[in-house]
Amino acid sequence: MPGIYGNYAPVLEEIKDEMMKRITAYTAEEYQKTGMKIHEHLIARVKSEDSMLEKCQRKGFPQTAQTALRVMKDSIGIRIVCSFIDDIYANIAYIKSFPDCRVVEEKDYIRHAKPNGYRSYHMILEMQSPHADIDGNTPGKYFIEIQLRTIAMDSWASLEHKLKYKKHVENQELIVSELKRCADELAACDVSMQTIRNLIHNS
Amino acid sequence: MRLLLAEDEKELSRALTAILERSNYAVDAVYDGQAAVEQAGNNAYDAMIFDIMMPKLDGIEALKQIRAAGNYTPVLLLTAKAEIDDRVTGLDAGADDYLTKPFAMKELLARIRSMTRRAGDYSPKVLKIGSVTLDTEEQSISCENSIRLASKETRLLEFFMTNAGKSLSTEEIFHHIWGNDDPVNGKVVFMYVSFLNSKLSSINADIIIIGGENSDYTLESGVSVL
């Protein structure tokens with residue numbers, strides 16, 4: 001059924017599943033080696049029809065498969081939520097080792113938090129697929145957006161998301177500054193827990 | 001600022017009140033130690049001035065009761081006797097300062113300013129070393145990012161920043177932050193220095209604390225931390 005992704009909708013699902021399989025595989029490998037889970041939560045989705053249509057329109061682009069697959073890079077989204085900050089960077093190292101994936105863009109909002117306090121690591125990958133892509137390339141190239149966060153960063157982001165989508169909030173300025181304070185306090189816990197983990201491992 | 005004056009000589013009380021009010025203090029005057037204790041319990045004062053010889057309860061007794069109730073407002077004692085015992089007893093009972101009568105008004109005013117200065121603005125609230133700003137009120141450090149500190153971490157970093165570049169021993173660090181009552185615990189000092197270094201690193205700071213467990217530690221700047 002033709003939608004915003006045209007004929008490519010099933011390919012997107014396949015690519016998403018392939019990436020999930022790989023993440024699950026290296027997670028199992030790490031678990032074998034260390035007895036520790038390198039992530040706590042792993043979620044993946046192909047952006048819904050409605051969301052993608054809305055985004056194309058909001059950004060001022062035509063609502064076409066070309067926009068959805070080439071201009072927008074988050075048709076496939078994966079979120080990896082970890083217990084510790086170092087686990088995030090361990091996941092990144094594994095992902096960067098896949099030979100058929102190229103990092104198109106990455107933003108470290110952990111070392112360079114956004115002014116509102118948001119922390120996370122964002123990566124856009126271009127993954128190769130045996131299926132041709134919308135530009136006629138074979139192997140086809142498909143974008144995947146990966147977000148890596150700690151549990152604390154993820155909680156904060158969910159709350160901040162709710163604030164962004166509520167129309168009228170009283171004391172907006174005060175709430176925003178208090179949310180930032182919470183972000184900094186949560187970051188302090190993340191850093192301290194990582195330090196404690198390091199101290200335990202090093203002793 | 002608001003002061004509590006407890007002086008039983010009404011003439012002197014009126015004179016002191018007038019001069020203090022001219023120096024922009026709000027003054028509540030009482031004439032015995034019991035009234036002083038009651039007033040101190042009912043209102044918040046920035047400083048208190050007590051005569052020692054007063055009816056009902058003397059100045060030292062009133063002070064003891066006030067301190068026992070958990071009130072740490074600075075107190076200055078006025079004494080007619082130039083007796084060392086009175087001064088010692090008064091200071092040990094919790095007084096911050098004393099003045100023997102007769103005294104010069106300008107000295108009383110200067111001592112009040114000195115007492116209230118320490119309670120408020122004496123130590124800087126915001127410190128900066130290198131690219132790092134420590135806000136001791138907010139308990140946060142900022143550079144490129146900002147992050148929050150726990151209470152002891154704040155005091156520890158404040159100690160390092162006000163002594164930047166100096167080599168500080170584990171013992172003096174422990175006593176300064178954790179107090180003089182417990183035996184020196186080098187492990188907890190090392191742990192907290194580790195916490196601080198991790199947090200400094202997380203905000204991309206250009207300062208770092210060098211030193212190992214049970215050694216001396218120094219806050220150094222101009223360092224790239226990674």
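B:Asn24 counts as exposed in this predicted model, because just 7 C-beta neighbours fall inside 10 Å of it. The residue sits in the loop that links α1 (10–22) to β2 (26–30) of chain B. Although B:Asn24 is not a glycine, its phi is positive, at about 70 degrees. A second asparagine makes a helpful companion here: B:Asn214 has a positive phi of about 65 degrees and is likewise not a glycine. B:Asn214 belongs to the loop between β11 (207–210) and β12 (216–221) of chain B. With 14 other C-beta atoms within 10 Å, B:Asn214 is partly exposed. As background to both, most residues other than glycine have a negative phi, and most peptide bonds are trans.

That background leads on to the peptide bonds. In chain B, the bond from B:Lys101 to B:Pro102 is cis, and its omega is near -5 degrees. B:Pro102 can be found in the loop that joins β5 (97–100) to α5 (105–119) of chain B. In chain A, the bond from A:Thr138 to A:Pro139 is cis, with an omega near 0 degrees. A:Pro139 is part of the loop between β4 and β5 of chain A.

The loop that holds A:Pro139 can be explored a little further through A:Ala132, which lies between β4 (121–129) and β5 (140–150) of chain A. A:Ala132 has 14 other C-beta atoms within 10 Å and is therefore partly exposed. Leaving aside residues up to four places away in sequence, A:Ala132 touches A:Asn137, A:Thr138 and A:Gly140. One of these, A:Thr138, is also the residue from which the cis bond to A:Pro139 runs. A:Glu185 is 53 residues from A:Ala132 along the chain, and the C-alpha atoms of the two are separated by 47 Å.

Chain A also offers a helix pair to look at. Helix α5 (residues 151–165) and helix α6 (residues 172–202) of chain A have axes that come within 9 Å and cross at roughly 170 degrees. Since that angle is over 145 degrees, α5(A) is roughly antiparallel to α6(A). On the α5(A) side, the contact is made by A:Ala152, A:Met153, A:Trp156, A:Glu160 and A:Leu163. The α6(A) side contributes A:Ile175, A:Leu179, A:Cys182, A:Ala183, A:Leu186, A:Cys189 and A:Asp190. Sorted by class, this contact has ten nonpolar and two charged residues, and no polar ones.

Chain B has a helix pair with another geometry. The axes of helix α6 (residues 151–161) and helix α8 (residues 186–202) of chain B come within 10 Å and cross at roughly 85 degrees. An angle in the range 65 to 115 degrees counts as roughly perpendicular, so this description applies to α6(B) and α8(B). From α6(B), the contact takes B:Lys152, B:Glu153, B:Leu156 and B:Leu157, and from α8(B) it takes B:Tyr192, B:Phe195 and B:Leu196. Five nonpolar and two charged residues make up this contact, with no polar residues.

Helix α8(B) appears again where the two chains meet. The contact between the chains takes 14 residues from chain B and twelve residues from chain A. On the chain B side, the elements that give two or more residues are β9 (146–148) and α8 of chain B. Of these, α8(B) gives the most, with six residues. By class, the chain B side divides into four nonpolar, seven polar and three charged residues. For the complex, the predictor gives an ipTM of 0.81 and a pTM of 0.76.

Stepping back to chain B as a whole, there are eight helices and twelve strands. The C-alpha atoms fill a box of roughly 70 × 35 × 30 Å along the principal axes. The radius of gyration of chain B is 23 Å, whereas a compact globule of 226 residues would have one near 17 Å. Of the 226 residues in chain B, 32% are buried. Among contacts in chain B between residues at least 6 apart in sequence, 53% join residues at least 24 apart.

A word on confidence rounds off the picture of chain B. The mean pLDDT of this chain is 91, and 96% of its residues reach 70 or more. Confidence in chain B is lowest in helix α4 (residues 84–92), with a mean of 88, and highest in strand β7 (residues 132–135), at 97. Where pLDDT is low, the predicted coordinates should not be read in detail.

Technical notes: Residues numbered from 1 in each chain as written. Chains lettered and ligands numbered in written order. Predicted model: local features only at pLDDT ≥ 70, side-chain atom pairs only at ≥ 80, totals over all residues. Axes fitted to C-alpha atoms, helices over the stretch in contact; angles between N-to-C directions. Helix = DSSP H or I, 4+ residues; strand = E, 2+ residues; numbered from the N terminus. Parallel < 35°, antiparallel > 145°, perpendicular 65-115°, else oblique. Contact = placed C-beta atoms within 7 Å. Nonpolar A, V, L, I, M, F, W, Y, C, P; charged D, E, K, R; others polar. pLDDT = per-residue confidence, 0-100. Rg over C-alpha atoms; globule rule 2.2 N^0.38 Å. Buried ≥ 20, exposed ≤ 12 C-beta atoms within 10 Å, placed from the backbone.
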